[in-house]
Amino acid sequence: MIELVRASGTSLLQAFLDGETDPAAWVGVDGQYQVVNAAHAAMLGLPPGEALGPRTDRLRCGLLGRLECGAELAAYLHRLDGGAVEPADLELAERGTPRRVWRFRSTPLFGTDGELLGWRETWSEVTEAEHLRRSRAEQSAAAGAARRKLDEQLAARDHFVARASHEMRTPLTAITGFCRMLEDSDAGLSPVQRQAVEKIAKNASILLQLVSNFLDMARLESGTVPVSRDLVDVGAVAREAVDSIEPQFREKKLAVEVELNGLPTIVSDRLKLRQILINLLGNAVKYTERGEVRLTGRHAGDAVELSVSDTGQGIAAEHLTRIFEPYVQVDGEQNGQVGTGLGLAICDKLADRLKARLAVTSRVGEGSTFTLRLPLEPPADHAPAPASGAY
Ligand code: ADP
């Protein structure tokens, strides 16, 4: 463009700038507009034929007052008046409807000896890009606010569930305790009364189990469950779990096979391991009407694998990935079992806390196998916790 000005004077430059649809101008070293195109003249409100005049005055009179915020441009013009030779690249929004946003660029151009030749001034309209940017920013602010609100609501819900479950657990424990006391005592209960007490105890313990599941899930989801590092005799813990389910095996007349020979002692959280196994064994009993439940353990490389297999109804392939999600029950209430759909989700989260993996294979009508793979040594980042009792 410089060569163009030198060689052909302003008329060719005028033609060149007139080819631009956005405002564009050439400013001389004296700070006077030398050539402006039609769009520039219109933007500054220059009447045709009027002398173009000093750039800083023209911009102040013709534009500054129309800007939403002209402080940056005003400061730049002030520096130019003081003799500064520096470029500017500003985004300027015009007030009014439609609101227009411009990118103003002012660039000093120098000759080969470093002498100032003049200034190129261009304005490109960026209204749409700015509009898009604004609406994206607004959307992401709105999404952020919605996410924060949802997080607050979830935290409030979890707090409520944890609180309510805890409050319900105490009276339910009392009910089952007193029922057991009545059953064991010589209170002279008639057979009908004894049956009623048994029913109360059974229903109360179902409720207690449900409430405990809600409480466990709320705690696990809040991420506040500590993990203890106990020396765990895996075989002994697995046998304890079988023993605690024994009455249920007997009630359903299911055979129990246990193969737990030669299992090592590992560093893990004993209570959590026990809870996972009780849950898996409980499900095996719940979803098996005849046949057997088998608990096997083996030392497999750097891990111990514990498998709970049953000869029950099995789980269709399309449900296998979803059963570890909270509140998911295959066939819902139609499977005729009391549950919340939380048992496996709790097992999965507990396994996660133990750095273990829980997997399932199953065939409908043949049975299921749930396998827990526990590391022999928890990884170094396995958060130790103060020796805990229950969680
Ligand atoms: P719940 O037993 O309370 O419904 P779980 O989270 O323990 O919830 O199990 C989720 C679903 O997975 C159950 O509803 C059941 O359909 C299925 N399931 C779990 N264990 C077994 C099993 N051993 N055999 C067949 N289905 C099972």
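Which side chain has an N or O atom 3.0 Å from an oxygen atom of the ligand? In this predicted model, the side chain in question is that of Lys-286, whose N or O atom lies 3.0 Å from a ligand oxygen. Two further contacts of this kind can be listed beside that of Lys-286: a nitrogen atom of the ligand is placed 2.9 Å from an N or O atom in the side chain of Asp-310, and an oxygen atom of the ligand is found 2.8 Å from an N or O atom in the side chain of Gln-329. Taken alone, the ligand would expose 530 Å², and 98% of that area is buried by the protein.

The surroundings of the ligand comprise 20 residues, of which Asn-283, Tyr-287, Asp-310, Gln-329 and Leu-344 are the closest. By character, this shell divides into 9 nonpolar, 9 polar and 2 charged residues. Two or more residues of the shell are contributed by each of helix H8 (270–286), helix H10 (343–353) and strand E12 (367–375), and the most come from H8, which gives 3.

Strand E12, one of the elements that contribute to the ligand shell, belongs to an open sheet of 5 strands with the order E7-E9-E10-E12-E11, in which the pairing is mixed. The edges of this sheet are formed by E7 and strand E11 (357–363), each of which pairs on one side only, and neighbouring strands are turned against each other by 15 degrees on average when direction is ignored. Strand E7 (residues 255–259) runs parallel to strand E9 (residues 292–300), to which it is joined by 5 bridges, with Glu-257 standing opposite Arg-294 in E9. Strand E9 is in turn joined to strand E10 (residues 303–310) by 8 bridges, and here the two strands run antiparallel; within this pair, Arg-298 stands opposite Glu-305 in E10. The hairpin of E9 and E10 has 2 residues between the strands, and in it Gly-301 adopts a positive phi near 65 degrees. At the other edge, E11 and E12 run antiparallel and are joined by 7 bridges, Val-360 having Phe-370 in E12 as its bridge partner. Helix H8, which gives 3 residues to the ligand shell, lies across E9, E10, E11 and E12 and runs at about 20 degrees to E10.

A further open sheet consists of 5 strands in the order E2-E1-E5-E4-E3, and its pairing is antiparallel. Its edge strands are E2 (33–36) and E3 (88–94), each pairing on one side only, and the twist from one strand to the next averages 20 degrees. Strand E1 (residues 24–27) pairs with E2 over 3 bridges in the antiparallel sense, and the bridge partner of Ala-25 in E2 is Val-36. Helix H4 (residues 71–81) packs on this sheet, where it touches E3, strand E4 (100–110) and strand E5 (116–125), and its direction makes about 135 degrees with that of E3. Helix H5 (residues 127–184) likewise lies across E3, E4 and E5, running at about 120 degrees to E4.

Helix H5 also contains Glu-183, for which contacts beyond the local sequence were examined. When neighbours within four places in sequence are left aside, Glu-183 is in contact with Arg-194, Val-197, Glu-198 and Ala-201. For one of these residues, Val-197, which is 14 residues away along the chain, the C-alpha atom is separated from that of Glu-183 by 7.2 Å.

Two local backbone features remain to be described, both of them in loops. The peptide bond from Thr-97 to Pro-98 is cis, with omega near -5 degrees, and Pro-98 is located in the loop between E3 and E4. Lys-253, in the loop between helix H7 (234–252) and E7, has a phi near 55 degrees, which is a positive value in a residue other than glycine.

Terms used. Residues are numbered from 1 along each chain as its sequence is written. This is a predicted model: local features need pLDDT of at least 70, side-chain atom pairs count only at pLDDT 80 or more; totals for chains, interfaces and linings use all residues. Side-chain values use heavy atoms; hydrogens and water are left out. Two strands pair if DSSP finds at least two bridges between them. Helices (H or I, at least four residues) and strands (E, at least two) are DSSP runs, numbered from the N terminus. Axes are lines fitted to C-alpha atoms, for helices over the stretch in contact, and angles run from 0 to 180 degrees between N-to-C directions. Contact means heavy atoms within 4.5 Å. A residue is near a molecule or strand if one of its heavy atoms lies within 4 Å of it. A polar contact is a pair of N or O atoms within 3.5 Å; within protein, one must be able to donate a hydrogen and the other to accept it, and residues adjacent in sequence count only if both atoms are side-chain atoms. Accessible areas come from the Shrake-Rupley method with a 1.4 Å probe; for residues, only the protein chains shown count as cover. Ala, Val, Leu, Ile, Met, Phe, Trp, Tyr, Cys and Pro count as nonpolar, Asp, Glu, Lys and Arg as charged, and the others, Gly among them, as polar.
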